[in-house]
Amino acid sequence: MNHLDPGAERNAEPAETGRLREALAAAAYEVTPSRVPLATVERRGRMIRRRRRTTVLGAGCAVLLGPLAFVTLHGPDDGDRVTRPAATVSASPAPSASPTVSAPTPRVVEPGERVTAAPGFVLWLTEEGKHWTTPDMPEGQFRSVVDGNIDRTRPGVSLQTGGTDGRVLASGVYYGGEGTASVVEVASEDGPVRGELLELPGRPGWGVWYAVAHSGVEVPVTVRDTEGRVYATLP
């Protein structure tokens, strides 16, 4: 009986395998690979992208519609109802109050304090009365409020005038009125002229008014209080 050498069988297997590989390699070289279907690949890619966008949009709509579905009112037979939050009303800012303009009051001066109303026209007050100078009478003039010539218990106004350089210098004493004197108005050929008021400290019950006009000054002379009422007048 013939026996094959086991070593020969082991060497025969690699030889057959090698020949098979050579045959397959020769056959593979003769095969021409087909062209890659690029158009099909592109269509497939676009289809996948559209599906992804559709999925994302659907998820976004679900997120937005979720709260709306949550606050849907129940039907008439339901025991509970969803109460919608009340609309927030922003309060309008309160209008700021208009600043109140207080009526003017007399300028308070110390006894003997000089007040220049115009060049050469200077006034000052003492407890005895009114003192003043004008350009044509620089030595000064005086009207007493304590010699009995005026009744300080009753409202009254006096008027003295002088003129220089085309101006009329008017002044006088007012006294006896109720309330607090505020403004004085004197008539002139060009219309009413508003003047200024002077008083000593302590509300003595009398004061001095003065005004500078550009035409002749005449009556009436009217002093009004801080309420707009007549304090005293010279008809």
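**Exercise 1. In this predicted model, find which charged residue lies over the face of W124, and which lies over the face of W132.**

Solution. Start at W124: R114 lies over the face of this ring, at 3.8 Å from the ring centre. Then move to W132, where K130 takes up the position over the face, again with 3.8 Å to the ring centre.

**Exercise 2. Work out why strand β4 can be described as largely enclosed by the rest of the structure, and which strands pair with it.**

Solution. Begin with burial, for which the cut-off is a relative accessible area under 20%. In β4, which covers residues 129-134, six of the six residues are buried, and the strand is therefore largely enclosed by the rest of the structure.

Next, turn to the partner that precedes β4 in the chain, strand β3 (residues 121-126), which runs antiparallel to β4 and is joined to it by five bridges. Within this pairing V122 stands opposite T133, and the hairpin that leads from β3 to β4 passes through two residues.

Finally, consider strand β5 (residues 137-144), which is likewise antiparallel to β4 and joined to it by five bridges. Here T134 stands opposite M137, while a hairpin of two residues makes the connection from β4 to β5.

**Exercise 3. Identify which residues of the largest nonpolar core touch the most other members, and which strands each supply at least two of its residues.**

Solution. The core has 17 residues, and those that touch the most other members are V157, Y174, V186, W209 and V223. Strands that each supply at least two residues to this core are β8 (167-175), β9 (181-188), β10 (193-199), β11 (206-213), β12 (217-225) and β13 (230-234).

To look more closely at one member, take V186 and set aside its neighbours within four places in sequence; its contacts then include W209, A211, V217 and P220. A second core, separate from this one and made of 16 residues, includes F121, L123, V173 and W206.

**Exercise 4. Locate the aromatic pair and state what geometry its two rings adopt.**

Solution. The count comes to one aromatic pair, formed by Y174 and Y231, with 5.8 Å from centre to centre and 80° between the planes. Since edge-to-face requires planes over 60 degrees apart, the Y174 and Y231 rings are classed as edge-to-face. The partners sit in distant parts of the chain, Y174 in strand β8 and Y231 in strand β13, 57 residues apart, and both Y174 and Y231 are buried.

Conventions
Residues are numbered from 1 along each chain as its sequence is written. This is a predicted model: local features need pLDDT of at least 70, side-chain atom pairs count only at pLDDT 80 or more; totals for chains, interfaces and linings use all residues. Side-chain values use heavy atoms; hydrogens and water are left out. A nonpolar core is a set of buried Ala, Val, Leu, Ile, Met, Phe, Trp, Tyr and Cys residues joined through side-chain atoms within 4.5 Å. Buried means under 20% relative accessible area, exposed over 50%, partly exposed in between (1.4 Å probe, protein chains only). Helices (H or I, at least four residues) and strands (E, at least two) are DSSP runs, numbered from the N terminus. Contact means heavy atoms within 4.5 Å. Two strands pair if DSSP finds at least two bridges between them. Rings of Phe, Tyr and Trp (its six-membered ring) pair if their centres lie within 6.5 Å; planes under 30 degrees apart count as stacked, over 60 as edge-to-face and the rest as tilted. A charge sits over a ring if NZ of Lys or CZ of Arg is within 6 Å of the ring centre and within 35 degrees of the ring normal.
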